[in-house]
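This report covers the surroundings of the ligands and the division of the chain into domains.

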Amino acid sequence: MSFNIIQEAQRCLNCKNPTCQKGCPIHTPIPDVIHAFLNGDIDRAGDLLFENNPLSMICSLICNQENQCEGHCILGKKSSPVLFSNIENYISDAHFDKIDVSNIPKNGTKVAVIGSGPAGITIAILLARKGYDITLFESREKIGGVLRYGIPEFRLPKSNIERYKKLILALGIKIRPNTSIGITITIDDLFRDGYKAIFIGTGVWKPNTLHIKGESLGNVHFAINYLTNPDVYDLGESVNVIGAGNSAMDVARTAIRHGCRKVTVFARSEHIAASSSEVEYAKIDGVKIITNVEPIEITDEGVIFVRVERDSEGNKTRVEGSEQLYPASSTIIAVSQGPRNRIVSTTTGLDVTEHGLLVTNTFGETTRDGIFAAGDVVLGARTVVEAVNYSKQVAEAMDKYLLGLNDIND
Ligand SMILES: Cc1cc2nc3c(=O)[nH]c(=O)nc-3n(C[C@H](O)[C@H](O)[C@H](O)COP(=O)(O)OP(=O)(O)OC[C@H]3O[C@@H](n4cnc5c(N)ncnc54)[C@H](O)[C@@H]3O)c2cc1C
Ligand code: SF4
(Lines give C-alpha, C1' and ligand atoms only; values in the text may rest on other atoms or scores of the structure.)
(Ligands and ions follow the chains in the order given, each with its own letter.)
Protein backbone atom coordinates (compact mmCIF):
# COMPACT_ATOMS: atom_id res chain seq x y z
CA MET A 1 0.00 0.00 0.00
CA SER A 2 1.56 3.31 -1.07
CA PHE A 3 -0.31 5.40 1.52
CA ASN A 4 0.65 4.27 5.02
CA ILE A 5 -2.57 4.09 7.06
CA ILE A 6 -0.80 3.25 10.32
CA GLN A 7 1.59 6.18 10.06
CA GLU A 8 -1.32 8.46 9.23
CA ALA A 9 -3.29 7.21 12.25
CA GLN A 10 -0.21 7.76 14.44
CA ARG A 11 -0.27 11.45 13.54
CA CYS A 12 -3.59 11.84 15.40
CA LEU A 13 -3.26 13.74 18.72
CA ASN A 14 -6.30 11.95 20.22
CA CYS A 15 -7.69 15.38 21.13
CA LYS A 16 -9.93 15.68 24.20
CA ASN A 17 -12.11 18.09 22.27
CA PRO A 18 -11.99 16.58 18.78
CA THR A 19 -12.84 19.26 16.26
CA CYS A 20 -12.78 16.63 13.49
CA GLN A 21 -15.76 14.87 15.09
CA LYS A 22 -17.65 18.16 15.39
CA GLY A 23 -17.06 18.83 11.72
CA CYS A 24 -18.49 15.46 10.71
CA PRO A 25 -22.24 15.66 10.01
CA ILE A 26 -22.76 12.24 11.62
CA HIS A 27 -20.25 12.88 14.43
CA THR A 28 -18.05 9.86 13.74
CA PRO A 29 -16.11 9.10 16.96
CA ILE A 30 -12.82 9.66 15.14
CA PRO A 31 -10.32 9.63 18.04
CA ASP A 32 -11.92 6.48 19.52
CA VAL A 33 -11.79 4.74 16.14
CA ILE A 34 -8.15 5.68 15.62
CA HIS A 35 -7.30 4.67 19.17
CA ALA A 36 -8.90 1.22 18.80
CA PHE A 37 -7.18 0.75 15.45
CA LEU A 38 -3.74 1.65 16.80
CA ASN A 39 -4.34 -0.67 19.77
CA GLY A 40 -4.67 -3.53 17.32
CA ASP A 41 -8.46 -3.84 17.71
CA ILE A 42 -9.60 -3.24 14.14
CA ASP A 43 -12.88 -5.05 14.80
CA ARG A 44 -13.81 -2.63 17.55
CA ALA A 45 -12.78 0.26 15.31
CA GLY A 46 -14.98 -1.21 12.55
CA ASP A 47 -17.91 -1.67 14.93
CA LEU A 48 -17.63 1.91 16.13
CA LEU A 49 -17.80 3.10 12.53
CA PHE A 50 -20.63 0.83 11.39
CA GLU A 51 -22.80 1.36 14.49
CA ASN A 52 -22.50 5.11 14.08
CA ASN A 53 -22.86 5.12 10.31
CA PRO A 54 -23.96 1.96 8.46
CA LEU A 55 -22.71 3.58 5.24
CA SER A 56 -19.26 4.36 6.64
CA MET A 57 -17.55 2.35 3.88
CA ILE A 58 -19.30 4.49 1.23
CA CYS A 59 -18.93 7.81 3.06
CA SER A 60 -15.19 7.27 3.43
CA LEU A 61 -14.98 7.35 -0.36
CA ILE A 62 -17.39 10.10 -1.35
CA CYS A 63 -17.92 12.51 1.55
CA ASN A 64 -16.67 16.04 1.14
CA GLN A 65 -14.03 15.48 3.85
CA GLU A 66 -12.17 18.69 3.09
CA ASN A 67 -15.15 20.62 4.53
CA GLN A 68 -16.04 18.03 7.16
CA CYS A 69 -13.77 15.91 9.40
CA GLU A 70 -10.47 16.63 7.65
CA GLY A 71 -11.31 20.31 7.19
CA HIS A 72 -11.79 20.59 10.96
CA CYS A 73 -8.77 18.58 12.16
CA ILE A 74 -6.64 20.71 14.48
CA LEU A 75 -3.45 19.63 12.69
CA GLY A 76 -4.75 21.23 9.51
CA LYS A 77 -4.21 24.69 11.03
CA LYS A 78 -0.44 24.42 10.75
CA SER A 79 0.18 21.49 8.42
CA SER A 80 -1.77 18.66 6.85
CA PRO A 81 -4.86 17.32 8.68
CA VAL A 82 -5.11 13.65 9.61
CA LEU A 83 -6.52 12.12 6.43
CA PHE A 84 -9.21 10.19 8.28
CA SER A 85 -11.12 9.20 5.13
CA ASN A 86 -8.27 6.83 4.19
CA ILE A 87 -8.17 5.35 7.68
CA GLU A 88 -11.97 5.00 7.76
CA ASN A 89 -12.01 3.31 4.40
CA TYR A 90 -9.28 0.87 5.37
CA ILE A 91 -11.07 -0.11 8.59
CA SER A 92 -14.62 -0.22 7.14
CA ASP A 93 -13.48 -2.26 4.18
CA ALA A 94 -11.58 -4.77 6.36
CA HIS A 95 -14.47 -5.07 8.80
CA PHE A 96 -17.49 -5.09 6.48
CA ASP A 97 -17.69 -8.82 5.80
CA LYS A 98 -17.39 -9.53 9.51
CA ILE A 99 -20.55 -7.63 10.49
CA ASP A 100 -22.56 -10.07 12.57
CA VAL A 101 -26.09 -10.60 11.28
CA SER A 102 -26.74 -13.91 13.02
CA ASN A 103 -29.22 -14.56 15.84
CA ILE A 104 -31.47 -11.57 15.28
CA PRO A 105 -34.87 -12.53 16.72
CA LYS A 106 -37.64 -11.69 14.23
CA ASN A 107 -40.73 -9.90 15.49
CA GLY A 108 -42.90 -10.60 12.42
CA THR A 109 -43.88 -6.95 11.91
CA LYS A 110 -43.79 -5.97 8.26
CA VAL A 111 -42.23 -2.67 7.18
CA ALA A 112 -42.06 -1.39 3.60
CA VAL A 113 -39.05 0.67 2.56
CA ILE A 114 -39.51 2.51 -0.74
CA GLY A 115 -36.26 3.45 -2.46
CA SER A 116 -32.89 1.75 -2.01
CA GLY A 117 -30.59 4.78 -1.91
CA PRO A 118 -28.57 5.71 1.19
CA ALA A 119 -31.75 6.61 3.13
CA GLY A 120 -33.62 3.39 2.30
CA ILE A 121 -30.57 1.17 2.85
CA THR A 122 -29.95 2.77 6.27
CA ILE A 123 -33.56 2.30 7.40
CA ALA A 124 -33.69 -1.26 6.05
CA ILE A 125 -30.47 -2.31 7.82
CA LEU A 126 -31.32 -0.63 11.13
CA LEU A 127 -34.89 -1.97 11.31
CA ALA A 128 -33.92 -5.46 10.13
CA ARG A 129 -31.37 -5.58 12.95
CA LYS A 130 -34.21 -4.80 15.34
CA GLY A 131 -36.09 -7.84 14.01
CA TYR A 132 -38.55 -6.23 11.56
CA ASP A 133 -39.60 -8.03 8.40
CA ILE A 134 -38.43 -5.59 5.71
CA THR A 135 -39.26 -5.41 2.03
CA LEU A 136 -37.20 -2.96 0.01
CA PHE A 137 -39.01 -1.66 -3.09
CA GLU A 138 -36.81 -0.23 -5.82
CA SER A 139 -38.04 1.14 -9.13
CA ARG A 140 -34.75 0.37 -10.88
CA GLU A 141 -33.07 -2.91 -11.66
CA LYS A 142 -30.43 -2.62 -8.93
CA ILE A 143 -30.20 -1.13 -5.46
CA GLY A 144 -28.12 1.91 -4.50
CA GLY A 145 -29.95 4.99 -5.80
CA VAL A 146 -27.49 7.74 -6.67
CA LEU A 147 -24.63 5.56 -5.38
CA ARG A 148 -25.31 3.23 -8.31
CA TYR A 149 -26.96 5.44 -10.92
CA GLY A 150 -25.34 8.83 -10.29
CA ILE A 151 -21.84 8.74 -8.82
CA PRO A 152 -19.46 7.34 -11.45
CA GLU A 153 -17.51 4.12 -11.05
CA PHE A 154 -14.16 5.94 -10.92
CA ARG A 155 -15.28 7.69 -7.71
CA LEU A 156 -17.31 4.88 -6.15
CA PRO A 157 -16.70 1.36 -7.43
CA LYS A 158 -20.03 -0.48 -7.73
CA SER A 159 -18.51 -3.50 -5.99
CA ASN A 160 -19.11 -1.59 -2.72
CA ILE A 161 -22.85 -1.55 -3.38
CA GLU A 162 -22.82 -5.27 -4.21
CA ARG A 163 -21.32 -5.87 -0.76
CA TYR A 164 -24.24 -3.93 0.78
CA LYS A 165 -26.65 -6.06 -1.22
CA LYS A 166 -25.07 -9.17 0.26
CA LEU A 167 -25.43 -7.76 3.77
CA ILE A 168 -29.04 -6.75 3.12
CA LEU A 169 -29.93 -10.24 1.91
CA ALA A 170 -28.08 -11.81 4.84
CA LEU A 171 -30.26 -9.72 7.14
CA GLY A 172 -33.32 -11.36 5.58
CA ILE A 173 -34.48 -8.19 3.82
CA LYS A 174 -36.50 -8.92 0.67
CA ILE A 175 -35.65 -6.80 -2.36
CA ARG A 176 -38.30 -6.07 -5.00
CA PRO A 177 -36.44 -4.54 -7.96
CA ASN A 178 -38.19 -2.96 -10.95
CA THR A 179 -41.13 -2.02 -8.71
CA SER A 180 -42.14 1.60 -8.74
CA ILE A 181 -44.51 2.39 -5.91
CA GLY A 182 -47.29 4.73 -7.01
CA ILE A 183 -47.73 3.11 -10.42
CA THR A 184 -48.96 -0.49 -10.24
CA ILE A 185 -48.68 -0.82 -6.48
CA THR A 186 -49.75 2.08 -4.30
CA ILE A 187 -49.12 3.00 -0.68
CA ASP A 188 -52.69 1.90 0.15
CA ASP A 189 -51.93 -1.53 -1.34
CA LEU A 190 -48.96 -1.80 1.03
CA PHE A 191 -51.13 -1.06 4.09
CA ARG A 192 -53.74 -3.51 2.76
CA ASP A 193 -51.07 -6.21 2.57
CA GLY A 194 -50.08 -5.88 6.20
CA TYR A 195 -47.17 -3.45 6.25
CA LYS A 196 -47.48 -1.63 9.57
CA ALA A 197 -45.26 1.29 8.63
CA ILE A 198 -43.89 2.65 5.39
CA PHE A 199 -40.69 4.55 4.76
CA ILE A 200 -40.28 6.76 1.70
CA GLY A 201 -36.70 7.44 0.59
CA THR A 202 -37.25 8.07 -3.09
CA GLY A 203 -34.73 10.88 -3.56
CA VAL A 204 -34.86 13.58 -6.23
CA TRP A 205 -34.82 12.32 -9.79
CA LYS A 206 -36.66 14.99 -11.80
CA PRO A 207 -34.03 17.18 -13.48
CA ASN A 208 -34.44 20.91 -12.98
CA THR A 209 -34.75 22.77 -16.23
CA LEU A 210 -33.38 26.15 -17.30
CA HIS A 211 -36.62 27.29 -19.00
CA ILE A 212 -34.73 28.50 -22.03
CA LYS A 213 -35.15 27.76 -25.73
CA GLY A 214 -33.48 24.58 -26.97
CA GLU A 215 -33.82 22.23 -23.99
CA SER A 216 -35.72 19.65 -26.06
CA LEU A 217 -33.15 19.44 -28.89
CA GLY A 218 -31.73 16.04 -29.81
CA ASN A 219 -28.19 16.77 -28.61
CA VAL A 220 -29.27 18.12 -25.20
CA HIS A 221 -29.46 15.89 -22.11
CA PHE A 222 -29.92 16.16 -18.36
CA ALA A 223 -27.07 15.23 -16.00
CA ILE A 224 -28.86 12.63 -13.90
CA ASN A 225 -30.21 10.89 -17.03
CA TYR A 226 -26.75 10.83 -18.60
CA LEU A 227 -25.03 9.53 -15.47
CA THR A 228 -27.60 6.73 -15.09
CA ASN A 229 -26.03 5.03 -18.08
CA PRO A 230 -23.40 7.06 -19.97
CA ASP A 231 -22.66 4.15 -22.33
CA VAL A 232 -25.90 4.67 -24.26
CA TYR A 233 -25.12 8.31 -25.13
CA ASP A 234 -23.25 9.42 -28.21
CA LEU A 235 -22.10 12.92 -27.26
CA GLY A 236 -19.63 13.53 -30.08
CA GLU A 237 -16.30 15.32 -29.73
CA SER A 238 -17.25 18.23 -27.49
CA VAL A 239 -19.67 18.85 -24.62
CA ASN A 240 -20.92 21.97 -22.87
CA VAL A 241 -21.98 21.27 -19.29
CA ILE A 242 -24.29 23.90 -17.81
CA GLY A 243 -24.00 24.07 -14.02
CA ALA A 244 -21.01 23.70 -11.71
CA GLY A 245 -22.01 21.45 -8.83
CA ASN A 246 -20.64 17.99 -8.09
CA SER A 247 -23.03 16.45 -10.65
CA ALA A 248 -21.61 18.74 -13.32
CA MET A 249 -18.06 17.62 -12.43
CA ASP A 250 -19.17 13.98 -12.54
CA VAL A 251 -20.72 14.54 -15.97
CA ALA A 252 -17.64 16.33 -17.28
CA ARG A 253 -15.18 13.73 -16.02
CA THR A 254 -17.39 10.88 -17.26
CA ALA A 255 -17.68 12.46 -20.70
CA ILE A 256 -13.87 12.74 -20.91
CA ARG A 257 -13.61 9.04 -19.98
CA HIS A 258 -16.10 8.25 -22.74
CA GLY A 259 -13.94 9.83 -25.41
CA CYS A 260 -15.09 13.48 -25.56
CA ARG A 261 -12.10 15.62 -26.47
CA LYS A 262 -13.32 19.04 -25.35
CA VAL A 263 -15.48 19.37 -22.23
CA THR A 264 -16.37 22.77 -20.78
CA VAL A 265 -18.26 23.49 -17.57
CA PHE A 266 -20.10 26.81 -17.35
CA ALA A 267 -20.88 28.48 -14.01
CA ARG A 268 -23.20 31.41 -13.37
CA SER A 269 -20.85 33.04 -10.87
CA GLU A 270 -17.27 33.01 -9.70
CA HIS A 271 -18.29 30.61 -6.94
CA ILE A 272 -18.21 26.95 -8.00
CA ALA A 273 -20.66 24.83 -6.02
CA ALA A 274 -18.68 21.59 -6.44
CA SER A 275 -16.12 20.67 -3.79
CA SER A 276 -12.67 22.07 -4.54
CA SER A 277 -11.13 18.59 -4.84
CA GLU A 278 -13.72 17.63 -7.49
CA VAL A 279 -12.92 20.84 -9.36
CA GLU A 280 -9.19 20.12 -9.16
CA TYR A 281 -9.68 16.58 -10.45
CA ALA A 282 -11.90 17.84 -13.26
CA LYS A 283 -9.20 20.32 -14.31
CA ILE A 284 -6.53 17.62 -14.18
CA ASP A 285 -8.78 15.47 -16.37
CA GLY A 286 -8.74 18.30 -18.92
CA VAL A 287 -12.08 19.96 -18.19
CA LYS A 288 -12.20 23.71 -18.86
CA ILE A 289 -14.26 25.88 -16.50
CA ILE A 290 -15.78 29.19 -17.54
CA THR A 291 -17.37 31.35 -14.84
CA ASN A 292 -19.77 34.34 -14.75
CA VAL A 293 -21.89 33.34 -17.72
CA GLU A 294 -25.59 32.54 -18.08
CA PRO A 295 -27.10 30.43 -20.85
CA ILE A 296 -29.76 32.21 -22.86
CA GLU A 297 -30.39 29.68 -25.64
CA ILE A 298 -29.29 26.18 -26.63
CA THR A 299 -28.91 25.53 -30.34
CA ASP A 300 -27.94 22.51 -32.44
CA GLU A 301 -24.46 24.09 -32.71
CA GLY A 302 -23.90 24.82 -29.01
CA VAL A 303 -25.01 27.19 -26.27
CA ILE A 304 -25.35 30.96 -26.39
CA PHE A 305 -24.15 32.49 -23.12
CA VAL A 306 -24.20 36.05 -21.89
CA ARG A 307 -21.63 37.41 -19.48
CA VAL A 308 -22.84 38.48 -16.03
CA GLU A 309 -21.34 40.93 -13.59
CA ARG A 310 -22.00 41.41 -9.90
CA ASP A 311 -21.75 44.61 -7.86
CA SER A 312 -20.30 44.72 -4.35
CA GLU A 313 -23.67 43.63 -2.91
CA GLY A 314 -23.82 40.64 -5.20
CA ASN A 315 -26.57 42.00 -7.46
CA LYS A 316 -26.25 40.51 -10.89
CA THR A 317 -26.52 42.22 -14.27
CA ARG A 318 -26.11 40.81 -17.75
CA VAL A 319 -23.47 42.55 -19.85
CA GLU A 320 -25.25 43.92 -22.89
CA GLY A 321 -23.83 42.76 -26.22
CA SER A 322 -21.72 39.99 -24.64
CA GLU A 323 -23.81 37.15 -26.08
CA GLN A 324 -21.55 34.49 -27.56
CA LEU A 325 -22.06 31.03 -29.02
CA TYR A 326 -19.86 28.36 -27.40
CA PRO A 327 -19.94 25.57 -29.96
CA ALA A 328 -20.26 21.93 -28.87
CA SER A 329 -21.64 18.74 -30.33
CA SER A 330 -23.73 18.11 -27.16
CA THR A 331 -25.01 19.97 -24.15
CA ILE A 332 -25.69 18.56 -20.71
CA ILE A 333 -27.80 20.49 -18.21
CA ALA A 334 -26.64 19.88 -14.64
CA VAL A 335 -28.65 22.23 -12.45
CA SER A 336 -29.83 19.80 -9.76
CA GLN A 337 -33.00 17.79 -9.40
CA GLY A 338 -36.36 17.88 -7.65
CA PRO A 339 -38.67 15.06 -6.52
CA ARG A 340 -41.01 13.12 -8.77
CA ASN A 341 -44.63 12.98 -7.67
CA ARG A 342 -45.56 9.35 -8.38
CA ILE A 343 -46.27 8.50 -4.76
CA VAL A 344 -47.73 11.81 -3.69
CA SER A 345 -50.13 11.93 -6.64
CA THR A 346 -51.53 8.48 -5.81
CA THR A 347 -51.67 8.80 -2.00
CA THR A 348 -54.01 10.91 0.09
CA GLY A 349 -52.80 12.82 3.12
CA LEU A 350 -49.15 13.37 2.17
CA ASP A 351 -48.32 17.09 2.27
CA VAL A 352 -45.49 18.48 0.20
CA THR A 353 -43.61 21.79 0.15
CA GLU A 354 -43.86 24.24 -2.75
CA HIS A 355 -40.90 22.36 -4.29
CA GLY A 356 -42.68 19.01 -4.00
CA LEU A 357 -40.54 17.75 -1.08
CA LEU A 358 -42.31 15.65 1.54
CA VAL A 359 -43.29 17.51 4.69
CA THR A 360 -42.07 15.75 7.84
CA ASN A 361 -41.39 16.60 11.45
CA THR A 362 -37.90 16.15 12.94
CA PHE A 363 -38.61 12.43 13.42
CA GLY A 364 -39.38 11.91 9.75
CA GLU A 365 -43.13 11.49 10.31
CA THR A 366 -45.03 12.65 7.24
CA THR A 367 -48.50 14.12 7.49
CA ARG A 368 -50.04 10.65 7.13
CA ASP A 369 -50.02 8.23 10.05
CA GLY A 370 -47.62 5.32 9.63
CA ILE A 371 -45.67 6.90 6.76
CA PHE A 372 -42.16 8.19 7.38
CA ALA A 373 -39.59 9.75 5.07
CA ALA A 374 -35.97 10.95 4.99
CA GLY A 375 -33.12 11.71 2.61
CA ASP A 376 -33.27 13.93 -0.45
CA VAL A 377 -37.05 13.55 -0.89
CA VAL A 378 -37.38 15.56 2.34
CA LEU A 379 -34.19 17.67 2.41
CA GLY A 380 -33.80 18.31 -1.33
CA ALA A 381 -30.58 17.40 -3.16
CA ARG A 382 -28.03 17.05 -0.34
CA THR A 383 -25.41 14.47 0.61
CA VAL A 384 -25.11 10.80 1.48
CA VAL A 385 -24.02 11.42 5.05
CA GLU A 386 -26.97 13.75 5.66
CA ALA A 387 -29.38 11.13 4.30
CA VAL A 388 -27.87 8.50 6.62
CA ASN A 389 -27.81 10.80 9.65
CA TYR A 390 -31.47 11.73 9.22
CA SER A 391 -32.49 8.12 8.53
CA LYS A 392 -30.85 6.97 11.76
CA GLN A 393 -33.24 9.16 13.75
CA VAL A 394 -36.18 8.10 11.63
CA ALA A 395 -35.41 4.40 12.20
CA GLU A 396 -35.63 5.04 15.96
CA ALA A 397 -38.90 6.91 15.52
CA MET A 398 -40.35 4.12 13.37
CA ASP A 399 -39.34 1.56 15.97
CA LYS A 400 -41.09 3.55 18.70
CA TYR A 401 -44.15 3.99 16.51
CA LEU A 402 -44.26 0.30 15.76
CA LEU A 403 -43.88 -0.59 19.41
CA GLY A 404 -47.04 1.40 19.93
CA LEU A 405 -45.45 4.23 21.85
CA ASN A 406 -47.01 7.64 21.47
CA ASP A 407 -44.10 9.75 22.52
CA ILE A 408 -42.51 10.57 19.19
CA ASN A 409 -44.19 13.92 18.78
CA ASP A 410 -42.63 17.07 20.17
C1 LIG B 1 -24.34 12.96 -9.76
C2 LIG B 1 -24.40 13.06 -8.28
C3 LIG B 1 -23.24 12.98 -7.55
C4 LIG B 1 -23.27 13.06 -6.16
N5 LIG B 1 -22.10 12.97 -5.48
C6 LIG B 1 -22.14 12.96 -4.12
C7 LIG B 1 -20.95 12.81 -3.38
O8 LIG B 1 -19.86 12.72 -3.92
N9 LIG B 1 -21.03 12.77 -2.02
C10 LIG B 1 -22.23 12.88 -1.37
O11 LIG B 1 -22.26 12.79 -0.13
N12 LIG B 1 -23.38 13.04 -2.05
C13 LIG B 1 -23.37 13.08 -3.41
N14 LIG B 1 -24.52 13.23 -4.10
C15 LIG B 1 -25.79 13.36 -3.36
C16 LIG B 1 -26.23 12.01 -2.77
O17 LIG B 1 -26.00 10.99 -3.68
C18 LIG B 1 -27.70 12.05 -2.34
O19 LIG B 1 -27.84 13.08 -1.39
C20 LIG B 1 -28.14 10.72 -1.73
O21 LIG B 1 -28.00 9.67 -2.65
C22 LIG B 1 -29.59 10.80 -1.26
O23 LIG B 1 -30.01 9.53 -0.83
P24 LIG B 1 -31.54 9.09 -0.91
O25 LIG B 1 -31.59 7.70 -0.39
O26 LIG B 1 -32.39 10.12 -0.27
O27 LIG B 1 -31.93 9.13 -2.45
P28 LIG B 1 -31.40 8.37 -3.75
O29 LIG B 1 -29.98 8.04 -3.68
O30 LIG B 1 -31.86 9.24 -4.86
O31 LIG B 1 -32.21 7.01 -3.79
C32 LIG B 1 -33.61 6.99 -4.01
C33 LIG B 1 -33.99 5.64 -4.57
O34 LIG B 1 -35.41 5.55 -4.64
C35 LIG B 1 -35.77 4.93 -5.88
N36 LIG B 1 -37.15 5.34 -6.18
C37 LIG B 1 -37.58 6.57 -6.58
N38 LIG B 1 -38.93 6.57 -6.72
C39 LIG B 1 -39.35 5.32 -6.41
C40 LIG B 1 -40.65 4.70 -6.37
N41 LIG B 1 -41.75 5.40 -6.64
N42 LIG B 1 -40.72 3.40 -6.02
C43 LIG B 1 -39.58 2.67 -5.72
N44 LIG B 1 -38.33 3.22 -5.74
C45 LIG B 1 -38.23 4.53 -6.07
C46 LIG B 1 -34.75 5.47 -6.85
O47 LIG B 1 -34.66 4.65 -8.00
C48 LIG B 1 -33.49 5.40 -5.98
O49 LIG B 1 -32.89 4.12 -6.06
C50 LIG B 1 -24.52 13.21 -5.50
C51 LIG B 1 -25.69 13.30 -6.23
C52 LIG B 1 -25.65 13.23 -7.61
C53 LIG B 1 -26.92 13.33 -8.38
S1 SF4 C 1 -8.80 16.88 15.35
FE2 SF4 C 1 -7.22 15.75 14.10
S3 SF4 C 1 -5.64 15.30 15.62
FE4 SF4 C 1 -7.45 15.82 16.83
S5 SF4 C 1 -8.53 13.85 17.22
FE6 SF4 C 1 -9.39 14.66 15.30
S7 SF4 C 1 -8.15 13.70 13.67
FE8 SF4 C 1 -6.97 13.46 15.61
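How do the residues of the shell around ligand 2 divide into nonpolar, polar and charged? There are 12 nonpolar, 2 polar and no charged residues in that shell. Here Ala, Val, Leu, Ile, Met, Phe, Trp, Tyr, Cys and Pro count as nonpolar, Asp, Glu, Lys and Arg as charged, and the others, Gly among them, as polar.

This is a predicted model, in which local features need pLDDT of at least 70, side-chain atom pairs count only at pLDDT 80 or more, and totals for chains, interfaces and linings use all residues. Residues are numbered from 1 along each chain as its sequence is written, while chains are lettered from A and ligands numbered from 1 in the order in which they are written.

A residue is near a ligand if its C-beta atom, placed from the backbone, lies within 6 Å of it. The two shells are set out below.

| Shell | Residues | Closest | Classes |
|---|---|---|---|
| Ligand 1 | 39 residues | G115, G117, G145, G203 and G375 | 17 nonpolar, 16 polar, 6 charged |
| Ligand 2 | 14 residues | C12, C15, C20, C73 and V82 | 12 nonpolar, 2 polar, no charged |

An automatic or database domain assignment divides the chain into domain 1 (5-96), domain 2 (110-205 + 338-402) and domain 3 (209-335). The C-alpha centres of domain 2 and domain 3 lie 31 Å apart. Their contact (C-beta atoms, placed from the backbone, within 7 Å) takes 6 residues from domain 2 and 7 residues from domain 3. On the domain 2 side, 5 of these are nonpolar, 1 is polar and none is charged. Domain 2 and domain 3 each give at least three residues to the shell around ligand 1.

Technical notes
Contact = placed C-beta atoms within 7 Å.
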